[in-house]
Structure formats: C-alpha cells, structure tokens
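Reader: I am in my first year, and I would like to understand one part of this protein properly rather than skim over everything. Please start from a single residue, take a close look at its surroundings, and then lead me outwards step by step.

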Amino acid sequence: MDTILETKDLKKYYPILGGVLRKKIGDVKAVDGVNLEIKRGECLGLVGESGCGKTTLGKTILRLTDPTEGYILFNAPFEKRKRIRELCSSQNSHSSELNLLRREYDLSTFRGKKLKGIRKKMQIVFQDPSSSLNPRMLIKDIVGEPLKIHKMTKKIDEKVLELLQRVGLTEDHLFRYPHEFSGGQRQRIAIARALATNPDFLVLDEPTSALDVSVQAQILNLLKDLQKEFNLTYLFITHHLMVVEYIAKRIAVMYLGKIIELASTRDIFSQTRHPYTRALISAIPEPEVKPRKKRIILTGDVPSPVNPPSGCRFHPRCPYAVDKCKKEEPLLREIGKEHFVACHRAEEI
C-alpha cells in the first residue's frame, strides 16, 4: 500500500501580539513538529483532548491555514519522497534540487492555480454542518458549488442529484434550505459536497460528535461504504475512542501539538505503551456487567501551548516520569511492528 500523504516536521504557530505597537511576544504552538504517513485507501484516526491541535493539523494539511514550517507531500512517488528526506537531513537543505522537488510535490509551497487544482483531490467535512452550510443557499447550489468552481461538468444538476442519492437523500431535497433538515441529514449534505470533486483524500473533523448515537452509527456506516466504493483515504479526527475504534485501521494519539503514539487500532487498545493513551482508554465508559477497569486519573492541568514544558510535554502529569523525562524530549521511535511511541519509559510500562 503506497503513501498518499506525508508530513515532515510540520509546524503551525500562531503569533501572540502585545504592547502598544502590537509586536510579537510569543507563539501558540498549536502543531509542533508532526511526522505522519497516511497510506492510500486507509482510515487513520487522530485522537486527543480538546485543544491538542487535531483540527489545526487537519486544516494545515489541507492548506486552509499556512504552515509555519515543514513539508506536506501529497501523491509524491516513493523515490521523490525518499530524495526529499535525504536532502533535508543533509547539508543540502537549501539546494536547487530540493527547491525544485518541493515546488512540484510540497503543498506548503503551492500558490494560486496550483493550489486550487490540488483542492479537487483533498476535501474536508466539518464538525458542525449547521455552520458549514450556507443558510441562504439551496441544497442543489451548496452541493453543486464545487463543480462550478472547478468547472468539472456541464450537467451539474444531474451530478448533484446523483450525489444526494448516494448519501441517502432524494430529489425532493434539492430545493430546500439547510435549516429544513435534521443534523444527520445536514451532515449527509456536507459529505455529498465533499465528494463532488471526486477527491482522493478527506479530512473528517469530528463528523459525528454533534449527532445522536443512532444517527452517528448511520453516518459511520455511510462513510465506510463510501470509502470502499470510491477508494477514499480518511484522516478521521475525533475525541471519541469508541468511534475511532470502529472506523480506523490505525490511530495516532496527539498531545499538546505532538504525536506521542501511533499504531494499529488493535495495538492501541491491547498493547498501549504511552501513559497518556492508557489514561484516555481507561476513561471509556463500560457496561456494569463487565469487570470494572481501574480508572487512571491524570493530575494537574494540560500545559499551555504558549509555554510547553521542557523535555517530555506529558511529564508534569505522568505517574512514570523520571528526571530524564523533564530534561530530554523523547522522539517518536518504533518499538514494535509499526508501533511508534514517544516515551522514554515505553518498554517498562
């Protein structure tokens, strides 16, 4: 399975301005050096507490916000990605060859028509369909707008009807406004709009969190069916671990702007190595008929992304922290077959 998207040392900082002259006095480090590889046709789950940078990472990958540093390689051949990594790690980090490769494959360098062209292949479904759908537009115009912008077909009405029917809606819904639909129906409309340009890659930003449980199941099953039918690749962002366990093949755990554990869904739930991931899993509610697991209660508050702790960012709340954790930042390293973790004491836990 080839890699459709790769990020290398991706960062997104938001400047903090202060004083009379509004000078920069610091940064909010929303995404701080993320390395990810997403395989074609897979669903990668991205989980973590609110405010850890999940949504910012998704928007940065799609270039809805510009990255501060790093690379976003989309649909780049293996040889080209390998060469870019070699040049970045060598003294040729400013060579003309690297600049040429980045202009061709690195989304962070794309501008104008080139960026507009790549948007056809990368789409997003937002968390709240009520705010992502224009309340003054008819459904036929909302779903058909991407087709008009990218000039993909002259038979727009036929294509819109086909998309609506594929997500479970009918011709009767074409001439209604978003407020006339339920939350689940609005999310189906948002999914239809995202599919309009025949994308290869979708960022799903908590697409079920605003829905009832029964409707969540319907939307998840729809997304799974669409993935198989159109060979889609998903980055599924959520804080709900039971949802991501159902839909994702691999899970990346994010904490304070960094990926701290990355493994298959089965390994994340059965062979968790990072104490933060263990705490998240222990918080999943279970039926009373099952033996109760010991709940892991994390002490302290989540540190500020403006001034993150030195060393391991989780060490102020970690029950296994030692002096090394406070001084030396752990790198994401492989400790099993495709199981990566950023923790000094992963083998002991």
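**From one aspartate outwards**

Author: In this predicted model, once the neighbours within four places in sequence are set aside, Asp-267 is in contact with Thr-272, Lys-337 and His-339. Asp-267 itself belongs to helix α11, which covers residues 265-270. Is Asp-267 buried or exposed? Asp-267 counts as buried, because its relative accessibility is 12% and the cut-off for being buried is under 20%. To place this residue against another part of the chain, you can look at Ile-281, which is 14 residues away from Asp-267 in sequence and 12 Å away in space, taken from C-alpha to C-alpha.

A second aspartate can be studied in the same manner. Asp-27 sits in strand β2, which takes in residues 23-39, and Asp-27 is also classed as buried, because its relative accessible area is 18% and the limit is under 20%. The side chain of Asp-27 makes a polar contact, at 3.2 Å, with the side chain of Lys-24. Apart from residues within four places in sequence, Asp-27 is in contact with Tyr-13, Tyr-14, Pro-15, Ile-16, Pro-305 and Val-306. One of these contacts, Pro-15, is also tied to Asp-27 through strand pairing, since the two are bridge partners.

That bridge belongs to a longer arrangement. Strands β1 and β2 run antiparallel and are joined by 13 bridges, and in their hairpin, where four residues lie between the strands, Gly-19 takes a positive phi near 85°. β1 has another antiparallel partner in strand β4 (residues 69-74), and that pairing has five bridges; within it, Glu-6 stands opposite Leu-73 of β4.

Next come the empty spaces. Rolling a probe the size of a water molecule over the atoms shows where empty space is left. The largest pocket has a volume of about 750 Å³, and 30 residues line it, with Asn-35, Leu-36, Leu-262, Leu-332 and Phe-340 lying nearest its centre. Which elements supply at least two residues each to the lining of the largest pocket? They are β1 (3-18), β2, β8 (250-255) and β9 (258-264), and β2, the strand that holds Asp-27, gives the most, with six residues. Sorted by class, the lining of the largest pocket has 13 nonpolar, five polar and twelve charged residues.

The second largest pocket holds about 380 Å³ of space. Its lining consists of 15 residues, and those that lie nearest its centre are Leu-64, Arg-119, Met-122, Gln-123 and Ile-124. Two or more residues of this lining come from each of α4 (112-119), β5, α6 (139-149) and α8 (183-195). By class, the lining of the second largest pocket divides into nine nonpolar, three polar and three charged residues.

Strand β5 (residues 122-125) deserves a closer look, as both of its faces are covered: Met-122 and Ile-124 on one side, and Gln-123 and Val-125 on the other, are all buried. β5 pairs with strand β6 (residues 201-205) in the parallel sense over four bridges, and Leu-202 in β6 is the bridge partner of Gln-123. Gln-123 therefore appears twice here, as one of the residues nearest the centre of the second largest pocket and as one of the buried residues of β5, where buried means under 20% relative accessible area.

There are also enclosed spaces to consider, and the count comes to two cavities of 30 Å³ or more. The largest cavity holds about 70 Å³ of space, and among the residues that line it are His-274, Cys-312, His-315, Cys-318, Cys-325, Cys-343 and His-344. The lining of the largest cavity divides into eight nonpolar, three polar and one charged. The second largest cavity has about 40 Å³ of space and is lined by Glu-49, Ser-50, Gly-51, Cys-52, Tyr-255, Leu-256, Tyr-276 and Val-302, of which five are nonpolar, two polar and one charged.

Finally, for a covered helix, turn to α1 (residues 54-61), where six of the eight residues are buried, namely Lys-54, Thr-56, Leu-57, Gly-58, Thr-60 and Ile-61. Following α1 comes Arg-63, whose phi is positive, near 65°.

Key
Residues are numbered from 1 along each chain as its sequence is written. This is a predicted model: local features need pLDDT of at least 70, side-chain atom pairs count only at pLDDT 80 or more; totals for chains, interfaces and linings use all residues. Side-chain values use heavy atoms; hydrogens and water are left out. Buried means under 20% relative accessible area, exposed over 50%, partly exposed in between (1.4 Å probe, protein chains only). A polar contact is a pair of N or O atoms within 3.5 Å; within protein, one must be able to donate a hydrogen and the other to accept it, and residues adjacent in sequence count only if both atoms are side-chain atoms. Contact means heavy atoms within 4.5 Å. Two strands pair if DSSP finds at least two bridges between them. On a 1 Å grid over the protein atoms alone, a cavity is a set of points where a 1.4 Å probe fits but cannot get out, and a pocket is an open set with protein on both sides within 12 Å along at least five of seven lines; lining residues have an atom within 4 Å of a point. Grid points are joined across faces, edges and corners, and a volume is the space filled by probe spheres set on the points. Ala, Val, Leu, Ile, Met, Phe, Trp, Tyr, Cys and Pro count as nonpolar, Asp, Glu, Lys and Arg as charged, and the others, Gly among them, as polar.
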